[in-house]
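Pull up the model and keep the viewer open while you read. We'll go through some helix contacts, a sheet, a hairpin and a pocket, spelling out the cut-offs along the way.

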Amino acid sequence: MFSKQKDKFSVLRTCSLQARLAISFAIITTMIVCATSFLLYSGLKDQVRNEDKMEFIEATSFIRKAVKTLSITTNSESWQLIWEYAVNAHGRLGVRVFSTNKELYLTTPNINIPPDVFSLSDPPKYGVWIDPKSNIEYRITSFQVETEPGHVWRVDASYDLSPTSSLLSAYRWNLMVLLLAGILLSVAISWFVSGYGLRPLRHVTTAMQGISSEHLSERIGDQPWPKELAGLAQSFDAMLERLEKAFTVLSQFSADIAHEMRTPVSNMLSAASVTLNRDRDAAEYKQTLETIELEATHLSKLVENMLFLARTEHMQQSLHIEKCSIAEEFQFQQTLLEALAEEKQIEIRWRGQGFVTANKDLLRRALLNLVSNALRFTSAGGLIQLVSEQLDGFVKITVSDSGTGIEPQHLPHIFTRFYRADSARADRSNTGLGLAFVQMIMTVHGGSVSVETEVGKGTTFTLLFPTITTL
């Protein structure tokens with residue numbers, strides 16, 4: 001049973017907005033019209049029935065006076081004329097009069113109600129009786145009139161309500177016809193009005209459908225939309241802007257990947273093709289294999305870095321963080337790169353205490369990339385420093401060198417994937433992903449990375465890790 005109800009509601013939920021609005025308006029209009037019609041009909045019915053009752057009471061009051069007066073008249077012909085005139089003038093009034101000795105003295109032709117239906121009461125009661133054969137309603141009453149001491153006459157009176165019932169029935173049918181016509185008219189008007197009101201929404205839909213991946217630069221928010229749709233159009237434009245930016249980055253990223261992978265693959269193919277053109281000695285084959293190994297290693301490193309970058313982008317929700325000793329991490333970097341630094345005659349110093357809340361592997365990867373970059377661009381006799389500082393809500397770590405610095409035109413792009421300054425393109429060990437790693441690592445930690453540089457004097461990278469105390 002519940003599944004059937006659910007199916008019915010699912011049908012309603014899949015209706016168009018125009019149909020929903022039209023049905024809603026029609027239901028509301030029908031309820032209002034029905035309630036108003038019911039109140040009007042009830043008011044009219046009460047008023048007409050009350051008027052009938054008052055007229056009946058007035059007529060019985062006249063009959064009471066007439067019986068009391070005419071019972072003492074000796075002229076029977078005059079009595080009959082006055083009586084018939086008084087009774088028949090109402091048309092709907094029926095009277096049956098019994099004399100003081102309970103004999104039927106007078107009856108009008110339009111009283112067809114059995115005598116046992118009437119019951120005496122003092123004061124008189126005005127009830128309603130329905131003829132079971134003709135289904136005609138009558139208001140009836142029965143009362144006694146004392147004409148003189150010891151002489152009591154009985155009067156049974158009825159009042160035909162069929163004219164009123166016919167009037168109310170005709171009014172009820174007319175009201176139902178008008179009600180049905182009003183409902184149909186309200187449905188038609190609701191359908192037209194809701195359709196007219198939803199026209200801007202259809203225009204928005206058409207405008208949205210006209211935008212494809214080739215037209216992401218188009219916007220719809222600059223058109224004069226209604227107030228209710230202006231926010232939707234602006235939100236859609238904002239989404240388009242994000243999509244366009246992401247699409248551009250993705251396209252550039254794909255192009256960069258293809259470019260980066262094309263070179264080592266081409267080198268391997270060239271080396272293999274040239275070697276296979278003729279017979280060569282063992283030393284030449286060895287040289288070719290070494291070239292292929294070098295390019296394959298570069299290609300493997302590139303793929304490994306891409307996988308690391310992809311994994312890091314999706315590990316924000318499941319990032320395992322812990323309290324890491326800053327001194328321990330600085331010492332780890334110095335020990336790891338000590339041999340290379342000594343070879344290049346560069347000194348590495350560090351100063352820092354306390355802890356930073358981070359994923360240890362990612363923290364070491366970020367510091368390793370920054371220190372490696374510093375070693376690459378610092379000349380012999382230079383200095384690399386790692387310093388930490390506890391700030392309000394953050395832990396600040398800086399990696400500075402006394403190297404060549406970064407030219408201003410490269411600064412906006414140094415965190416872009418595969419971006420390398422011209423002077424570094426010849427270095428095959430640089431994939432252009434190191435600083436992109438650092439930025440991604442800081443993003444997943446909720447921190448930030450910034451750079452200050454001066455050409456010929458050195459560069460300082462600053463990492464800000466948020467302080468987390470709820471571990």
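Pro200, Leu201, Val204 and Met208 in α5 meet Leu229, Leu232 and Phe236 in α6, where contact means heavy atoms within 4.5 Å. By class, that contact has 7 nonpolar, no polar and no charged residues; here Ala, Val, Leu, Ile, Met, Phe, Trp, Tyr, Cys and Pro count as nonpolar, Asp, Glu, Lys and Arg as charged, and the others, Gly among them, as polar. The axes of α5 and α6 are 11 Å apart and make an angle of about 10°, so α5 is roughly parallel to α6. Axes are lines fitted to C-alpha atoms, for helices over the stretch in contact, and angles run from 0 to 180 degrees between N-to-C directions. Under 35 degrees counts as roughly parallel, over 145 as roughly antiparallel, 65 to 115 as roughly perpendicular, and the rest as oblique.

A word on ground rules: this is a predicted model, with local features needing pLDDT of at least 70 and side-chain atom pairs counting only at pLDDT 80 or more, while totals for chains, interfaces and linings use all residues. Residues are numbered from 1 along each chain as its sequence is written, and side-chain values use heavy atoms, with hydrogens and water left out.

Now look at the other partner of α5. Helix α4 (residues 162-197) and helix α5 (residues 199-209) have axes that come within 4 Å and cross at roughly 40°, so the two are oblique to each other. Gly195, Tyr196 and Gly197 of α4 make this contact with Arg199, Pro200 and Arg202 of α5. Sorted by class, the contact of α4 with α5 has 2 nonpolar, 2 polar and 2 charged residues.

On to the sheet. Its 5 strands form an open sheet in the order β7-β9-β10-β12-β11, with mixed pairing. The edge strands, each pairing on one side only, are β7 (347-351) and β11 (448-454). Helices (H or I, at least four residues) and strands (E, at least two) are DSSP runs, numbered from the N terminus, and two strands pair if DSSP finds at least two bridges between them. At one edge, β7 and β9 (residues 383-390) pair in the parallel sense over 5 bridges, and arginine 349 stands opposite glutamine 385 in β9. Helix α10 (residues 360-376) packs on the sheet, touching β7, β9, β10 and β12 (458-466). Helix α8 (residues 326-336) lies across β7, β9 and β10 (394-401), running at about 175° to β7.

At the other edge, β11 and β12 pair in the antiparallel sense over 7 bridges, with glutamate 454 opposite glycine 458 in β12. These two strands form a hairpin with 3 residues between them, and glycine 456 in the turn has a positive phi of about 90°.

Which helix gives the most to the lining of the second largest pocket? That's α6, with 6 residues. The lining has 14 residues, and the closest to the pocket centre are Val249, Phe253, Phe415, Thr416 and Arg417. They divide into 6 nonpolar, 5 polar and 3 charged. The space in this pocket is about 410 Å³. On a 1 Å grid over the protein atoms alone, a cavity is a set of points where a 1.4 Å probe fits but cannot get out, and a pocket is an open set with protein on both sides within 12 Å along at least five of seven lines; lining residues have an atom within 4 Å of a point. Grid points are joined across faces, edges and corners, and a volume is the space filled by probe spheres set on the points.
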